[in-house]
Each structure stands twice: as C-alpha cells, then as structure tokens.
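I opened the model to look up what the record annotates and what the coordinates give. My entries follow.

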Amino acid sequence: MREIELTSIELKDVSKSFGSVFALRSTSLSVRKGEFLTLLGPSGSGKSTLLNLISGGYPASSGRILLNGKDITNAPPRQRGIGMVFQNYALMPHMTAFDNIAYPLRVRGYSKDDIRTKVTDALARVGLTGFENRKPKQLSGGQQQRVGIARCIVYSPAIIMMDEPLGALDKNLREQMQDEIKILHREIGTTFIYVTHDQEEALNMSDRICLMNNGGIVQLGTPDELYFQPISRFAAQFIGESNLLAGSVDDAGDLRIATGYSLKVPDHRGLVRGQRYEIMLRPERIHVARDGQGEVTPATATARGTVVGVSFIGSMTTLAVELPDGTLLKVKSTSLPAQNRYKVGESIGLRWDPEDLVVLRSED
Amino acid sequence: MTSGKSHIIKDWRKRCLQILGTGLAFGVYLFLLAPSLIVTPVSFGSKYELKFPPASYSLDLYRIFFSTEAWTQPLLLSLRVALSTTVIATFIAVPAAYGLVRFNFLGKKFLLALIMSPLVIPSVVFALGIYLYFSTLRLGGTTLGLIVAHTMFVIPYALVIISAGVQKLDPNLEFGAMLMGAGRLRMLMTVVLPQLYPSIAAGALFAFLISFDEVVISWFLAGPNTTTLSVKMFSAIQWEISPVIAAVSTILTAVSLVVCLINVALQKGGEQSS
Amino acid sequence: MVTSATRGAGPFVAPAAILSLLVALVPIAFILYFSTMEGTSVEPFRTILKSSLFHRAMTTTVVVAFWASIISLVLGYIVALHLARQTARRRAALMVLVLLPFWTSILVKSYAFTIILGREGIINSFLSWLTGAQVALPLIFNRFGVMVGMTNYLTPLIVFPVLASLLAIDPALYRAAEVMGAKPIRIFLTITLPLSAPGVLAGVLSVAVMALGFFIVPALLGGRQDLMLANLVDFYTREVLDWNIASAVGVTLFALVGIFAIPATLIRRTKGRIAS
C-alpha cells in the first residue's frame with residue numbers, strides 16, 4: 001500500500017521493438033513521487049524510447065506502465081496527464097508566448113480569468129513576465145525553452161518529462177538553466193524525468209540516474225553511486241574519466257596486472273583467487289610526486305612510472321604516466337602555478353588508496 | 001613579370017567566359033519571355049490587323065471580347081469550373097497531404113502513384129479515358145464532368161505543394177498538443193491548419209491556374225454549352241487568327257503574372273514565419 | 001521523435017483515394033478495354049501497326065521529343081548556370097523571368113509564336129525591312145515551329161532541377177579547385193558538370209515524358225506532316241470516330257511514356273519527396 005502511494009510511475013517488463021530490432025529490451029523501473037530521475041546514455045541507448053513509451057509516442061511491444069497505480073499502457077497521450085519539454089522547444093510558431101502557455105488550459109476548458117491568472121503565474125515562475133505577447137521567433141533559445149517549461153507546469157501534470165531540454169543552448173546558459181530547473185523542481189515537487197546524454201548535467205541535477213546502453217538499463221542509482229561505484233566498464237567510462245586495469249588474482253590475493261605489477265585490493269571486495277577481473281581507478285584519486293618530494297616517496301609509492309604526456313586544461317592538469325610494464329595511467333590533479341615541474345620523460349611515483357580501486361562486473 | 005602577365009590573361013579569359021555565359025543566358029531569358037511580352041502590345045492594337053508593333057493603340061479588342069457572348073460565356077464557364085475545382089481539390093488535397101506525410105500504411109505507394117498519375121500520363125491519354133468513361137456515364141459535355149475531371153487533374157499539383165508544407169511542420173508540436181490534452185481534431189484545427197495556411201493558399205492558387213488554363217481534357221469533354229475559354233481559344237487559333245485572341249492572351253498572361261507574384265510573396269512569407 | 005503512425009490514415013486519404021480510383025484508374029481501364037475491343041482482340045493494335053500514318057506519327061514523336069529534350073537541356077543549363085552564380089536576391093528577381101513563362105498558358109505562347117514566326121510575322125517583317133526585299137521564311141506550320149514552341153515550354157522545367165543541384169554544390173569546391181590552379185573550363189568539366197548530373201537526369205527524363213505527350217504545340221505550330229501520337233489520338237477520336245483505334249494509339253503512347261517515366265519516378269523516389 002505504502003509502496004504504491006510513493007510510486008509515481010512504474011514500468012513492468014516493458015519492451016519496444018521496431019520489426020526485429022529491439023529499441024528497448026524488457027525493462028522494469030519504478031520512479032518515486034517527487035523524484036528527479038535522469039535517463040542518461042549515448043544516442044541509441046533506449047532513453048528516448050523509454051520516454052516515448054511513457055508519454056505515449058508509440059505503444060509498448062510488451063509489459064505494463066502504471067502511473068500513480070493506474071494502468072496507462074494503452075492510453076492515448078492526451079489522457080495520460082503528462083507534461084513534456086522538447087529539445088527543439090516545439091512551441092507553436094503562430095501563437096504568442098501567452099497563447100502557447102494557455103494552450104493546455106484552453107484544451108481543458110478553463111475560464112478566461114483562470115487562464116490569465118495561471119499563465120501569468122507560470123510566466124513569472126520562469127522569469128518571463130512581460131514577454132507574453134512575443135512570438136517564439138522573437139525569443140532567444142533560452143527564453144523559448146522557458147516558455148516550453150512554463151507551458152508544462154501551468155497544468156500541473158503528474159510527471160514532467162524533459163527530452164534533452166538544454167541540448168540546443170550554449171554552455172553558460174545551459175549551466176544557468178540547470179540550476180533554474182533544479183530550483184523549479186524543488187519548488188513544485190512534481191516528478192521529473194529528464195533525458196540527457198551529458199553526464200555532468202545528470203550528476204548535477206538528479207536524485208537518481210538511470211544509466212542506459214544498448215536498449216537496456218546498465219545501472220540505476222544516486223549520482224554518488226554511479227560515480228564512485230560504477231558496476232561495469234561502460235558505467236565507469238561513460239561517467240567521469242577512468243583508468244581501467246585488467247588482471248588475475250594471485251595467491252596472495254593481490255591483483256596481478258599485465259607483466260608483474262601487483263595491486264592490493266581490499267579484502268571486502270571479495271575477489272576469488274585465480275579469477276580475472278577488471279578494475280577501475282579514477283585519475284583524480286591517484287596522488288603524484290617527484291622522488292624525494294612531497295607526500296609520495298619511493299617507499300610508499302604504489303607504482304612508479306614515466307611521464308609521457310602533460311595536458312593543462314585550466315583548473316586541472318592531466319598527466320599520462322607509463323608504468324614499466326607499458327600500462328598507461330591517466331593522473332589528474334589540481335593545476336598549480338608551478339605545474340611545469342612535471343616534464344615528459346620524468347620519472348614519478350604514484351600512490352592511491354586501495355579503497356579507491358573499484359572492481360567491475362565483467363560484461364561478456 | 002611573366003607570371004603577372006599570365007595572371008592577367010587568365011583573368012581576361014575568365015571574364016570573357018562570364019560575359020559569354022551572361023549573354024547566352026539573357027538570350028534564353030528573352031526567348032522564354034518573348035511570347036508573353038509580344039501579346040500585350042498587340043492586344044492594344046487595331047481590330048483590323050495583327051501587327052507588331054501596332055500602328056495605333058486602342059482598347060477595341062477588349063471591347064469586342066467583353067461584348068461577344070461567344071467569348072464571355074466561355075470566360076464565365078472557365079471561372080466557374082476553376083473556382084469549383086479549386087475548392088473541391090483543396091478540401092481533398094489538404095487531408096491527403098497530411099495523411100500521406102504523417103502515416104505509413106499498406107498500399108501507400110500505390111495510392112501515391114495513382115494520385116500523381118495525371119502528372120505522368122500524357123494529358124491526351126488521360127483525356128481520352130475520361131471522355132470514354134464520361135460518355136457512358138452521360139457526363140460528357142456537362143459542367144459537372146469538367147469539374148470532376150479537373151479536380152483529379154489539379155490534385156497532384158496541389159498535393160505536392162501542400163505536402164511540402166506538411167513536411168516542414170514539426171511533429172513534436174502535434175504530439176505535444178495531444179500530450180497537453182488536445183483531441184486529434186482540435187490538434188489539427190489549432191496546430192496543423194494555422195501553420196499550413198500559406199501552403200494551402202499556394203496550392204489552391206496553383207490549382208486554380210491549372211484548371212483555368214487546362215486545354216486538352218476540356219477539349220475532349222467540351223460540349224456545345226460547355227466550351228471553356230481555353231477550348232474556345234484553342235479552336236480560335238486553329239481556325240480564325242482573330243486579333244481578339246491577343247486580348248484573351250493578355251488577360252491570361254495577367255492572371256498568370258498575378259498568381260506568380262502572389263506565389264512568390266507567399267513563399268517569402270512562409271520563409272519568414274518558419 | 002514521433003515515428004510515422006501506421007494506423008489512422010484512413011479518414012485523411014479516403015477522399016483522395018476514392019477520387020483517384022474513380023477518375024484516374026477507371027479511365028485507364030476504359031482505354032485498355034476499348035483498345036482491345038472490349039478485351040476480345042488485339043485487332044486495333046494490328047491495324048495501327050499497318051498504318052503508315054501511325055508509323056509517321058510514332059517516328060515524329062520520338063524524334064521531336066528527343067531533340068526538344070536535348071535543346072531544352074542546353075538552354076535550361078545555360079540559364080541555371082547563370083542563376084546559380086547570382087546572389088540570392090538577384091537570383092530571386094531573375095527567377096521571375098523563368099517563372100512567368102512557366103506560368104503562362106501554352107495557348108498564349110503558341111499564339112504568340114504564330115505572330116512572331118508567321119509568314120508576315122515579326123521575324124520575317126524585320127528581315128524584309130533589313131534586306132529591303134520580301135522575305136517569307138517558312139518558320140511555322142513545320143518542324144521548326146514545333147521545336148520552337150516545345151523548347152520554349154520545356155526549358156523552365158529543366159532550369160528548376162538543374163539549378164537545385166547546382167546550388168547544392170559546396171562553393172568551397174570551386175575555391176579549392178581555383179587554388180589548386182584549375183582553369184574555368186576544367187572546373188566546369190570536373191566539378192560543375194558531374195555534380196549537377198542528378199539534376200540534369202531528373203530534368204531530362206521529366207521533360208522527355210512531357211515532350212512525348214505534346215498535343216497543343218504540334219496542333220497549333222506544326223504542319224500536317226508533324227502530327228505526333230497525341231494528335232493522332234485526337235484525330236481518331238473526333239474525326240474518324242474510331243474509339244478502339246484511338247485507344248490503341250493512346251495505349252501505345254502511354255507505354256512509350258512509361259519507358260521514361262519509370263526511371264524518372266525512381267530518381268524522384270530516391271530523392272524522397274512525398275513518400276517517406
């Protein structure tokens with residue numbers, strides 16, 4: 001009982017195929033009321049398919065979709081009570097901002113006064129007071145998307161879905177609007193389902209991220225979980241940067257990678273001796289120092305290597321370090337004015353906390 | 001020095017080619033325009049002889065045209081047929097264009113080929129078929145027969161123009177409207193139609209002009225009381241080179257020019273609004 | 001994001017479907033029916049195959065359509081090339097010079113050519129004035145008149161597709177070729193011509209289809225010996241009153257057009273106009 005009350009939308013074994021091609025393999029997903037859930041994945045991963053199945057863009061091939069406990073699997077879009085924000089805004093070009101926002105209210109037969117109050121309120125919420133008589137063409141991209149959002153919140157749908165809503169905007173505006181959408185979500189408390197292929201956007205905005213690939217869910221969890229405990233190589237590589245190391249567990253319980261390098265792995269990771277594993281290490285979790293300087297000394301270093309590349313990208317500097325066995329490690333650290341102390345060809349020590357090694361699930 | 005010289009020669013050669021190309025192009029423009037340009041001055045000439053340039057100018061030919069029932073009757077018939085055809089064809093072509101662009105269904109290609117067939121089948125063949133068919137239905141020589149045949153004949157043109165308009169519409173708008181709660185009919189009236197008006201207007205204009213100018217089908221279907229202006233003109237050019245034809249031609253050219261300009265204006269308007 | 005629906009098209013396309021079944025398909029069936037003596041024999045086809053009138057009309061049709069297409073292609077290409085090199089604003093203005101003739105009734109053009117090309121027409125009068133002698137070149141009611149009238153009608157139909165494919169060529173290609181030292185003629189032969197080939201092909205095929213079915217121009221500007229198949233259909237229908245023979249000629253013309261129409265529609269389909 002409590003479960004149902006807390007669940008906004010639930011997908012039970014839903015799949016979609018076009019002919020013989022699966023756009024979405026059998027998937028179950030439950031979204032909590034008021035949650036901000038992001039569907040993250042590369043194009044063709046099935047995130048848009050999932051969105052379309054929920055909104056009624058096309059029918060599911062199998063499975064059931066429940067909205068607030070009600071089966072909407074075969075309901076026409078207009079009876080679902082869902083709001084949607086589109087990447088290309090999808091504003092009616094022949095209507096003013098006011099008329100665009102009033103559209104769902106007029107369809108529902110609201111009185112003129114109600115419409116005026118609600119539209120004015122929605123415009124104020126997205127910071128567009130005074131723009132009611134502009135046509136979409138007379139608005140900037142960001143303003144158009146604000147109208148798109150206002151058009152959605154004005155009729156209080158049960159869920160608001162956003163399909164890459166900031167995809168067409170430039171970087172600064174995108175970041176600003178991310179915050180605006182987050183605040184809006186907090187204020188109105190509606191369930192948001194947000195689609196993006198931008199991992200930073202997903203990490204910044206979501207309560208939970210649903211990472212998708214090849215028409216299925218790879219991992220579902222909080223941004224923290226996805227970043228620090230990716231379960232597969234895909235998850236590790238899609239979100240953030242990563243070093244991947246493969247090897248088998250030796251008799252001492254250490255992971256032996258390539259030619260003779262052994263890595264200590266915490267016991268509670270539950271490695272089985274003799275098995276092959278893939279391990280991920282985030283570049284910024286590796287500490288670096290020149291011999292005899294700073295915190296890393298030859299004695300404590302977990303590995304030694306030669307710098308083969310230095311790239312300074314502003315706040316961070318990335319080093320490419322080659323270990324004696326040829327393995328390349330990416331090492332990321334905060335840039336310092338004296339950054340030029342690392343030079344290609346230089347020998348340096350690396351150290352990391354064994355707790356930072358994440359064992360990945362094998363994919364094949 | 002030498003390299004500079006060859007540069008000049010090269011430029012000179014390029015310039016020559018350009019001038020040659022422009023000259024040839026304007027020759028062709030003249031060739032294309034000459035017929036449309038010639039008839040106008042002739043139409044303001046004398047009623048006794050066909051001469052270019054006319055020796056004296058008058059409105060005699062227009063006066064004769066508008067006071068001769070043998071010309072005004074066909075003119076009125078052509079207007080009636082073209083207007084009816086335009087209205088019916090538009091009402092058929094608009095939903096058809098939307099249906100053909102937005103939906104996939106069994107037999108779509110066949111249906112499309114059938115609707116577009118008057119564009120490919122020689123008019124004479126189409127006209128003969130309709131003539132034989134309408135003779136058995138006793139529709140030969142009737143205004144209704146003309147309107148039905150013209151409607152079929154102009155629909156492909158209207159359909160091409162209106163479909164191009166539908167293709168420019170964003171399907172997300174239509175889906176979004178339905179998601180916001182609009183029924184299909186309401187969505188079509190408030191989202192699709194308002195955006196399509198320029199294309200519909202262009203398609204209707206096109207339909208009107210094609211029906212008004214159509215000769216071959218009308219020639220086969222014409223009866224004693226159903227001679228359209230173009231049929232009357234066709235036989236007039238064949239049998240009597242009357243100067244009045246110059247006046248008719250000028251009127252037809254003026255109609256074409258107006259349609260052409262409205263179409264250009266609509267296209268510009270369409271570009272601005274999209 | 002929303003893919004084409006497979007259901008629900010019925011109400012939209014039904015009127016057009018009914019109309020085209022009744023007024024496009026049935027007439028075609030009628031011609032086939034009549035051309036085969038109500039489906040009983042191929043006698044009408046045998047008759048026309050023996051007729052020298054038919055043979056002459058057939059030859060005329062093919063020869064005239066061929067040359068009219070070629071000449072229209074040359075004229076249309078010159079115009080398209082000129083239009084493609086103008087600024088967008090100038091091009092829009094010059095386009096009217098092509099659009100107006102395109103929109104002008106073929107009757108008006110044919111009539112105008114009787115004034116221009118006639119025995120005492122503008123050209124002959126001008127030549128007489130120029131030479132001081134009576135000049136009466138036979139420019140009309142012969143093959144020449146037919147070609148003038150047809151190319152005048154068909155040239156705009158070449159301009160549109162060729163211009164479209166010329167405008168689709170990336171201007172950077174021209175600059176690159178120039179920088180690499182190519183002369184204008186080489187640039188034309190190696191870049192312009194091959195890249196405009198799709199437009200040329202589409203244009204020529206559709207023009208050939210039109211030219212084969214020409215009726216008005218040969219009737220008004222041609223002589224007795226310039227009858228084309230379309231005129232023969234009319235002749236058998238109205239003067240001989242033999243609907244079977246008329247239908248047989250019509251079917252032949254239809255088949256002839258089909259040879260060109262099928263590749264033309266295939267090209268158009270690959271370009272994907274209406275069909276998705």
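I checked the UniProt record and found the feature "domain: ABC transporter" (unreviewed entry) at residues 9–239 of chain A. UniProt positions appear here in the numbering used for this model, with shortened feature names, and annotations may be inferred rather than shown by experiment. I noted that residues 9–239 of chain A are 36% helix and 27% strand, with end C-alpha atoms 26 Å apart.

This is a predicted model, where local features need pLDDT of at least 70, side-chain atom pairs count only at pLDDT 80 or more, and totals for chains, interfaces and linings use all residues. Residues are numbered from 1 along each chain as its sequence is written, chains are lettered from A and ligands numbered from 1 in the order written, and side-chain values use heavy atoms, without hydrogens or water.

I then looked up chain A as a whole. I found 9 helices and 20 strands in chain A; these are DSSP runs numbered from the N terminus, helices being H or I of at least four residues and strands E of at least two. Along the principal axes, the C-alpha atoms of chain A fill a box of roughly 80 × 50 × 40 Å. Of the 364 residues in chain A, 50% are buried (under 20% relative accessible area, 1.4 Å probe, protein chains only).

For chain B, I read the "transmembrane region" entries (unreviewed entry) in UniProt, among them residues 75–98 and 146–166. Residues 75–98 of chain B are 100% helix and 0% strand, with end C-alpha atoms 34 Å apart. Residues 146–166 of chain B are also 100% helix and 0% strand, and their end C-alpha atoms are 29 Å apart.
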